[in-house]
Amino acid sequence: MVNPAQLIVVLGDQLSLDSPALAAGDPARDRVLMAEVLGEATYVPHHPKKIALIFAAMRKFADQLREAGWQVDYTCLDDPDNAGSLAGEILRHSVADTPVQVIEPSEWRVRADLRALPRDVVFHTDTRFISNVAEFAAWAEGRKALRMEYFYRLMRRKTGLLMDGDAPVGGAWNFDAENRKSLPKGIKFPALPEFPPDAVTADVLYLVEARFGQNFGDLRPFNLATTRDQALQLLDHFIRFNLPVFGDYQDAMTGRELYLAHSLLSYAINLGLLSPIEVCQRAEAAFHAGKAPLNAAEGFIRQIIGWREYIRGIYFSQGPDYVAQNQLGHTRALPPLYWGAGTDMACVGHAVAQTRRTGYAHHIQRLMLTGNFALLVGIDPRAVHEWYLSVYIDAFEWVELPNTLGMSQWADGGVVASKPYVSSGAYINRMSDYCKGCAYDVKTRDGAGACPFNSLYWHFLDRHQDRFGQNPRMGPIYRQWQKMDPDRRAAILRSAEGILAKLDAGERV
Ligand SMILES: Cc1cc2nc3c(=O)[nH]c(=O)nc-3n(C[C@H](O)[C@H](O)[C@H](O)COP(=O)(O)OP(=O)(O)OC[C@H]3O[C@@H](n4cnc5c(N)ncnc54)[C@H](O)[C@@H]3O)c2cc1C
Ligand code: SF4
């Protein structure tokens, strides 16, 4: 019997030729469907660069599929018959008895839509990840706390990366203690490769400008990698120039540089242009060739097979209601400064301006500037989540949500983070050069001109003392607060209340 023609659906973050859905098809018989749809482009107000990146990468991947012999039905956003949603497009391109092959979508929302389709849909496991939902669930079973470090060790053993038999190379699993250096004066990092728009990207830029030009974020200049070849150039650059110092300056921040030694690979990996394992194997090979120290190679590999895989495990293990968690009961609205309305805080102002310009900020900027400030002032975690999901070029819910809601906002009550990531201005001053050019004084805790992070930090600890006072990792800091002179404490709290009142009144801080 001749098998019926199938529809193979390739979603915008599944741009890998090495795909189990494609492997289940036959180019001589089956069609591939790829669709730019309004529903996906508007469920949050995405940064224009992010929309352009995804559409341009999709169009070029469709060309690659055609070159490989596939017939591709490609729906452009402006096609008059565009159904506007992924489900609608699948229905439009299939009939009731067409089997549909697709890699399991990486978001609960899209999964639910595709599961509800009146079609025979075969969902394939996403083999681009090192782990999978069942393995994470088995690891999590019966554990009191789901700490990344232990999951990471499982992934090291599974992949064999930086392993010497059953032991970690170098005798330790983690060299993070060596990875907290601030930047030496005058250090410069070589410029990243840039990929100016070709004709395909140029068309997409016109489309995005016309349809989403009002969204927060600069569309141009657009120099992102939109093909696997370009992503490989980014990877080569990182391994050669930045990996050797990646560990050292991983946590450092500066107003002088955009990317420091960071790889800028997250968007390429998340889209499927690069596989996480190949990226890690390149870092491991650089270490074995004597071109990168162990603290750098291990630190980088841990981000990917540790943090990235763990975060995905958290997303799927916590279920679709995770997004509604708000364990600290925070309800404040997201201040307009997050959308570029301006702030006198040099650190947050820089992170937001950089985000608007590039759609990128590195991990510590996301966690300890914009995230830290949102947590200290008590912003509704869902609003914080929607902001991060909108503004970063690498933001897909499976990876953004646990990072924002769990790691950054402690809204899941400690599933991801054993204690909240909060700091006063002292940490920001130690790890960056922002404070030197700031209107506020990082050394002052209260009164006009005092760094807002200082009073807000104590205000956060004071108002959440019932929750965190008994946390063993926070004991010393609470003892410091208790020992402080009561008048001093009152002045600090008053200062913080003043900042919160200004935020609530929509005033600039
Ligand atoms: C509040 C918040 C929101 C975040 N949102 C996203 C997001 O939407 N998408 C996203 O990919 N990452 C997100 N992250 C994680 C991390 O900040 C980015 O992966 C990283 O900044 C990307 O830049 P890079 O490629 O230069 O990373 P590098 O510093 O070069 O790190 C190497 C790689 O490790 C991986 N990685 C590192 N940390 C994490 C992490 N915590 N979770 C998952 N992968 C990690 C990424 O693939 C990254 O490319 C978020 C972090 C925070 C604190
Ligand atoms: S003084 Fe405070 S607000 Fe200003 S840059 Fe430093 S930490 Fe940020």
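# Briefing: two ligand shells, one helix and selected residues

Around ligand 1 there are 28 residues, of which His262, Ser263, Ser266, Gln303 and Glu400 are the closest. Two or more residues of this shell come from each of the helices α10 (266-271), α12 (294-318), α14 (363-377) and α16 (397-408). The model described here is predicted. A second ligand, ligand 2, is surrounded by 14 residues. The points below take up the two shells, then helix α18, and then several individual residues.

**The shell around ligand 1**

- By class, the residues around ligand 1 comprise 13 nonpolar, eleven polar and four charged ones.
- Two domains contribute to the shell around ligand 1: domain 2 (133-194 + 224-318) and domain 3 (336-504) each provide at least three residues.

**The shell around ligand 2**

- The closest residues to ligand 2 are Cys347, Gly425, Cys435, Cys438 and Cys451.
- At least two residues of the shell around ligand 2 are supplied by each of α13 (346-358), α17 (425-431) and α18 (452-463).
- Helix α17 makes the greatest contribution to the shell around ligand 2, with three residues.
- Twelve residues of the shell around ligand 2 are nonpolar and two are polar, while none is charged.

**Helix α18**

- Helix α18, which supplies at least two residues to the shell around ligand 2, consists of twelve residues.
- From the first C-alpha of α18 to the last, the helix reaches 16 Å, close to the 16 Å expected at 1.5 Å a residue.
- Helix α18 is mostly covered, with ten of its twelve residues buried.
- The buried residues of α18 are Pro452, Phe453, Asn454, Ser455, Leu456, Tyr457, Trp458, His459, Phe460 and Leu461.
- These buried residues of α18 pack against α14, α17, α19 (465-468), α20 (475-483) and α21 (486-504).
- Among these partners, α14 gives two or more residues to the shell around ligand 1, and α17 gives three to the shell around ligand 2.

**Backbone features in loops**

- The peptide bond that leads from arginine 220 to proline 221 is cis, and its omega is near 0°.
- Proline 221 lies in the loop between α8 (199-212) and α9 (228-246).
- Leucine 162 has a positive phi, near 50°, although leucine 162 is a residue other than glycine.
- The loop that holds leucine 162 runs between α7 (148-159) and β6 (163-164).
- Leucine 162 counts as buried because 21 C-beta neighbours lie inside 10 Å, where 20 or more are required.
- Leucine 260, likewise a residue other than glycine, has a positive phi near 50°.
- Leucine 260 belongs to the loop between α9 and α10.
- Leucine 260 counts as buried because it has 20 C-beta neighbours inside 10 Å.

**Valine 121**

- Valine 121 is part of strand β5, which covers residues 120-124.
- Valine 121 counts as partly exposed because 17 C-beta neighbours lie inside 10 Å, a number between the limits of 12 or fewer for exposed and 20 or more for buried.
- With residues up to four places away in sequence left out, valine 121 touches Val100, Val102 and Leu114.
- Valine 121 and leucine 7 are separated by 114 residues in sequence, and their C-alpha atoms are 9.4 Å apart in space.

Methods:
Residues numbered from 1 in each chain as written. Chains lettered and ligands numbered in written order. Predicted model: local features only at pLDDT ≥ 70, side-chain atom pairs only at ≥ 80, totals over all residues. Near = placed C-beta within 6 Å. Helix = DSSP H or I, 4+ residues; strand = E, 2+ residues; numbered from the N terminus. Nonpolar A, V, L, I, M, F, W, Y, C, P; charged D, E, K, R; others polar. Domains from an automatic or database assignment. Expected span 1.5 Å × (residues − 1). Contact = placed C-beta atoms within 7 Å.
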